[in-house]
Amino acid sequence: MKKSKILMVLAGLFLGSLFFFPIWKITLIAPQYPEPLGLNIHINRLSDGVQFYDVNNIDLLNHYIGMAHLPSKENVIKGNVEPLLEFIIFPIVVSVMSVLALIVGFIGKPKLYLIWLIIMVILGIAGLYDFYRWLFIYGHNLDLNAILKITDPVTGLPMGYQPPFFGYKKILNFEVYSFPAIGAYLMASSMLLSFLAFFISKKEIKN
Amino acid sequence: MKTIVKLAFAFILASFFGCAPTGSDKDKGTSKGALSGNAAEKVYVAPGEYDSHYAFISGGFSGQLSVYGLPSGRLFRVIPVFSQDPEKGYGYNEETKPMLNTSHGFIPWGDAHHPDISQTNGSLDGRWVFINENNTPRIARISLETFETEEIIEIPNSAGNHSSAYVTENTEYVVAGTRFAVPFPQKDMPISEMKGNFKGALSFLKVDKESGDMNISFQISMPGFDYDKCHPGRDKSHDWFFFTTYNTEEANSLLEVNASQNDKDFIAAINWKKIEEYVANGGGTKQPTNYAHNKWDNDKHTATSVMVKEVLVVDPKDVPGAFYFLPTAKSPHGCDVDPTGEYIIGSGKLAAAMTVHSFSKMIKAIEAKAFDGDAYGIPILKFEAVNYGVLEQPGLGPLHTEFDSRGNAYTTFFISSEVVKWNVKDLKVIDRHPVYYSVGHLMIPGGNSRTPDDKYLIAMNKITKDRYLPTGPEVCQSAQLFDISGDKLELLLDFPTIGEPHYAAGIAADKISSKSKKIYKLEENKHPYAVKSEAETKVVRNGNEVHVYMSMIRSHFSPDNIEGVKVGDKVFFHITNLEQDYDVPHGFAMIGANTSEMLIMPGRTATSIWEPKQVGIWPMYCTDFCSALHQEMQGYVRVSAKGSNTPLTYTLDGDIPGQ
């Protein structure tokens, strides 16, 4: 089997591994939380980022400032929150693209490698934009009966609690960090592998 | 004449303080010593930093076990063991009340003496700490994951459970010896007929390797002496257990005189392996008895108390070769075995001498039958045949000895108020240091194991008088921390303790801290009245009993409005803390309840009973400052007159919870 084909099949497997690893991680540190709280974001669910029960404990703290429940499976089942559409769409997209990567790999045409990569880049950008949009809604959709209503000292408007999209932000007593997690790196590697497959396959044809 | 008196006086002093230090040495430990020796630096644990050792210091007559950090001397927690603790609800809530049950009924108090940490291969393993109750004989096992009392077992046929609760090198057994000789089994008879008719029960409690559950494996009916202290053999003497005895005179009154007549009492050497074998082959007699065995269930968050009706008794006569007496200077108190297992040391409380016996000499003496008669059929070994040597008059009133790993022993002297460091092999005093005042036990972390930790020693003092700011007639007792890493004892710190710091067990912090439990998982909670969510909370009436299935979470109770309770009802608040976050306990208190508050850890369920006596609207609230809205965590119960027809309702924010 040609090297390029192997690379492309690997690209598909790397992408498929997103079912097992989180793509993003938000970490919250506060004086009362020297051992931070953490939120892992997967393509299909949320999970505890640092310790047992983190998702619920973040919810518990957020209720003081009137934030909605996180769209965890438990909250959906309890009826606390609507299911998140992305958790249905993302797994389908990832499955389809992984299978396509395998098919493309077996066919072995350079052009197809490139097309797969371009689609992935478009989907990736769309995914990131969607994530940003969700963070904005989550941070601004506040209960009018919130226990603590804090206004922004600069704008005079109700304070928003949107977590950072990338990097660091201070939100009330919390230092919030938001960074790609292992899944994001696996996805990037998958795209890099498909590019290498395209690059090598062209050489292979020349030879 | 005056000169002669002076000389005589000097002679007396010198004989008592043969190795007395010079005056300048005595000054160390005062303000000057602390500065010159950088003691402050050695005990300073910066804010947010951890101590290097845990010290589990018994509360003596407080009945509890306190947890301190060393070297800072900071108190972290008081673990309720034998006494009720209204702060935590221990012994007041329905779940923990059975822990304090005995054959005499519920007892709210105990006298906690000797904590000992479980061992594996002769070293501390940090799984459990065992402690004895002296007054109503009991042994408790405390988990070092939850820092809670998990088991209390009553010891029958025993009285003044003092030579307890020491563990063998693999925690095969916890041993509990009687201080008082008593009729065995108990019966009505004249006290004056004690001699020859009373017995001393030595109990061996088998410890389950996995769960730690204790069971009385066998009880030895020893002659009716007083069994004061004991320790297991180590390494080569692993199979043996040693007990000091006093009142071998078998006096039943004015013991201070009548039990102090014999120049020598005994150390009893007992081969528990031989007895274990004898028992395994069907030996021993089952005798009827009655004692309580109380166990805590970590899934049901509830204790149960079972009365046990039988105990296996072993008569020393039936196991030849397992029992010997070693003559030891006058009313020995401490019975300590060095880390190698070779030296068995009796602190001759009234002789001002340390008797050091040799284990290998003892074995040879047994083989050579070097006996000096017997006591009630138990051979008495010849003193010269077992004795390694005697350290004469190192101080006054020797009580207890612990060891470092360099062959040194550290002994407390109650009357002369000092700790003396001496070399066991050389029988020579190396250093001495005064303590303030009247020291009982001392503790070196691991100092009663094969592997002592040579850094710290704490001396536990009964009298403090001028050492702290006065607090009326009753002043604190105290512990004093020494650095023993050098040749000289260096006093670093004084710190007050709870109750009487009778004895302590110490261990390197990293052997325990990482295993310390943070929360109880809600999904593992099998308490019959637990609720897993607010939707499950409810109130159920059953005759005049009202069962409230309540939950608590930041920052409300569910339900928090209850109506339809009547005067004469018995209201059970079964409350589950739904939190699953570390260090978020909630408390519960109900106005007029004839009990304590409850402090409920995350994931736990506990029950408090309230019997309302007056009509009205009665509040309840959270007692532990749990959150920014702690002060809002409150509720009301409406109490109507007896026979009124107020319907039973329960709500949260106007609705039935979960609807």
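A residue counts as buried here if 20 or more other C-beta atoms lie within 10 Å of its own. H301(B), with 26 other C-beta atoms within 10 Å, is therefore buried. Keep in mind that this is a predicted model. Below is a quick tour of chain A, its helix packing, its contact with chain B, and then the domains and backbone oddities of chain B.

**Chain A at a glance**

- Chain A has six helices and five strands, and along the sequence they come in the order α-β-β-β-α-α-α-α-β-β-α.
- Along its principal axes, the C-alpha atoms of chain A fit a box of roughly 70 × 35 × 30 Å.
- Of the 207 residues in chain A, 29% are buried.
- If you take the contacts in chain A between residues at least 6 apart in sequence, 62% of them link residues at least 24 apart.

**A covered helix in chain A**

- Helix α2 of chain A, residues 54–62, is mostly covered, with seven of its nine residues buried.
- Those buried residues are D54(A), V55(A), N56(A), N57(A), I58(A), L60(A) and L61(A).
- The cover over the buried residues of α2(A) includes three strands of chain A: β1 (24–30), β2 (33–41) and β3 (46–48).

**Helix packing around α4 of chain A**

Helix α4 of chain A turns up in both of the pairs below, once with α5(A) and once with α1(A).

- Start with α4 (residues 86–107) and α5 (residues 110–140) of chain A: their axes come within 10 Å and cross at roughly 165°.
- Angles over 145 degrees count as roughly antiparallel, so α4(A) and α5(A) are roughly antiparallel to each other.
- The crossing of α4(A) past α5(A) is left-handed.
- On the α4(A) side, the contact uses E86(A), V93(A), M97(A), L100(A), A101(A), V104(A) and I107(A), while α5(A) brings in L112(A), Y113(A), W116(A), M120(A), L123(A) and D130(A).
- Sorted by class, that α4(A)–α5(A) contact has eleven nonpolar residues, no polar ones and two charged ones.
- Next comes α1 (residues 3–16) of chain A, which packs on α4(A) at an angle of about 170°, with the axes 8 Å apart.
- The same cut-off of over 145 degrees applies, and α1(A) and α4(A) are therefore roughly antiparallel as well.
- From α1(A), the residues involved are K5(A), M8(A), V9(A), A11(A), G12(A), L15(A) and G16(A); they meet V94(A), M97(A), S98(A), A101(A), L102(A), V104(A), G105(A) and F106(A) of α4(A).
- The class split for the α1(A)–α4(A) contact is ten nonpolar, four polar and one charged.

**Where chain A meets chain B**

- Seven residues of chain A are in contact with five residues of chain B.
- On the chain A side, five of the touching residues are nonpolar, two are polar and none are charged.

**Domains of chain B**

- Chain B is assigned two domains: domain 1 covers 31–253 + 267–515, and domain 2 covers 528–651.
- The C-alpha centres of domain 1 and domain 2 of chain B sit 43 Å apart.
- Across the boundary, eight residues of domain 1 of chain B are in contact with eleven residues of domain 2 of chain B.
- The domain 1 side of that contact in chain B is made up of two nonpolar, three polar and three charged residues.

**Cis peptide bonds in chain B**

- L70(B) and P71(B) are joined by a cis peptide bond, with omega about 15°; P71(B) sits in the loop between β2 (65–70) and β3 (74–79) of chain B.
- Another cis peptide bond links S558(B) to P559(B), with omega about -10°; P559(B) is in the loop between β37 (556–558) and β38 (561–566) of chain B.

**Positive phi in chain B**

- E250(B) isn't a glycine, yet its phi is positive, at about 60°.
- You'll find E250(B) in the loop between β15 (240–246) and α5 (255–258) of chain B.
- With 17 other C-beta atoms within 10 Å, E250(B) is partly exposed.
- H301(B) is also a residue other than glycine with a positive phi, near 55°.
- H301(B) belongs to the loop between β17 (285–297) and β18 (302–314) of chain B, and, as said at the top, H301(B) is buried.

Key
Residues are numbered from 1 along each chain as its sequence is written. Chains are lettered from A and ligands numbered from 1 in the order in which they are written. This is a predicted model: local features need pLDDT of at least 70, side-chain atom pairs count only at pLDDT 80 or more; totals for chains, interfaces and linings use all residues. Domain bounds come from an automatic or database domain assignment. Two residues are in contact if their C-beta atoms, placed from the backbone, lie within 7 Å. Ala, Val, Leu, Ile, Met, Phe, Trp, Tyr, Cys and Pro count as nonpolar, Asp, Glu, Lys and Arg as charged, and the others, Gly among them, as polar. Helices (H or I, at least four residues) and strands (E, at least two) are DSSP runs, numbered from the N terminus. A residue is buried if 20 or more other C-beta atoms lie within 10 Å of its own, exposed if 12 or fewer, and partly exposed in between; C-beta atoms are placed from the backbone. Axes are lines fitted to C-alpha atoms, for helices over the stretch in contact, and angles run from 0 to 180 degrees between N-to-C directions. Angles under 35 degrees count as roughly parallel, over 145 as roughly antiparallel, 65 to 115 as roughly perpendicular and the rest as oblique. A crossing is left-handed if the near helix is turned anticlockwise from the far one by less than a right angle, and right-handed if clockwise.
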